[in-house]
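Colleague: I have just opened this one and would like a careful walk through it. Could you take me through the model step by step?

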Amino acid sequence: MTAEGRPGEAPDAAPFEYGADGPRVIVTGVDGSDTSLRAAAYAWGLARRGGARLILVHATPIAALSMLTPGGAAVMQEAAEEIVGELEQEIGRAYAQAPVDYEIVAAQGDPYTVLARVADRSRADAVVVGASTQAGHRLVGSVAVRLVRAGRWPVTVVP
């Protein structure tokens, strides 16, 4: 049955289209790890196929010990800038092959908190992150688990 034939629906309502009803804003976390880069590639493909806006988020954790050492904060900032610079180069290559409306957000703070804040502010329809490979996250909980438990967005965890 077409959209025009459904009772109670306006005759000019657009019919369903495959690939056009997915997320409009996708947020993905990128920390330079292999799993986060695979998550970014997956999110890029979703955004390209669905015409969505992609927000790539890099969160630099603020380590308390780095603040106690002379120049520790500067070293942390320099490392974060290097990762974001490499990310921008990779995205430039991806954009040349398959253009996507994207933005890069770099912020300091707990990765979960930064991703949640960006997803809330951008009214994200989906969040894509890489699976954690750190053994300690089985006890404390990874960023992905925390995002899923928040229950505010559909979360895809890429291995």
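Colleague: Where does pLDDT stay under 50, with two contacts in the model beyond four places in sequence?

Modeller: That is residues 136-140, where pLDDT is the predictor's confidence in each residue, from 0 to 100, and contact means heavy atoms within 4.5 Å. This is a predicted model, in which local features need pLDDT of at least 70 and side-chain atom pairs count only at pLDDT 80 or more, while totals for chains, interfaces and linings use all residues. Residues are numbered from 1 along each chain as its sequence is written, and side-chain values use heavy atoms, with hydrogens and water left out.

Colleague: Which elements have the lowest and the highest mean pLDDT?

Modeller: Helix H5 (residues 137-140) has the lowest, 46, and E1 the highest, 96; helices (H or I, at least four residues) and strands (E, at least two) are DSSP runs, numbered from the N terminus. Where pLDDT is low, the predicted coordinates should not be read in detail.

Colleague: New topic: in what order do the strands of the sheet come?

Modeller: The order is E3-E2-E1-E4-E5, five strands in an open sheet with parallel pairing, where two strands pair if DSSP finds at least two bridges between them. Strand E3 (101-108) and strand E5 (155-158) are at the edges with a single partner strand each, so one side of each has no neighbour in the sheet.

Colleague: And how many bridges join E1 and E2?

Modeller: Five bridges, in the parallel sense, link strand E1 (residues 25-29) with strand E2 (residues 53-60), and Gly29 has Val57 in E2 as its bridge partner.
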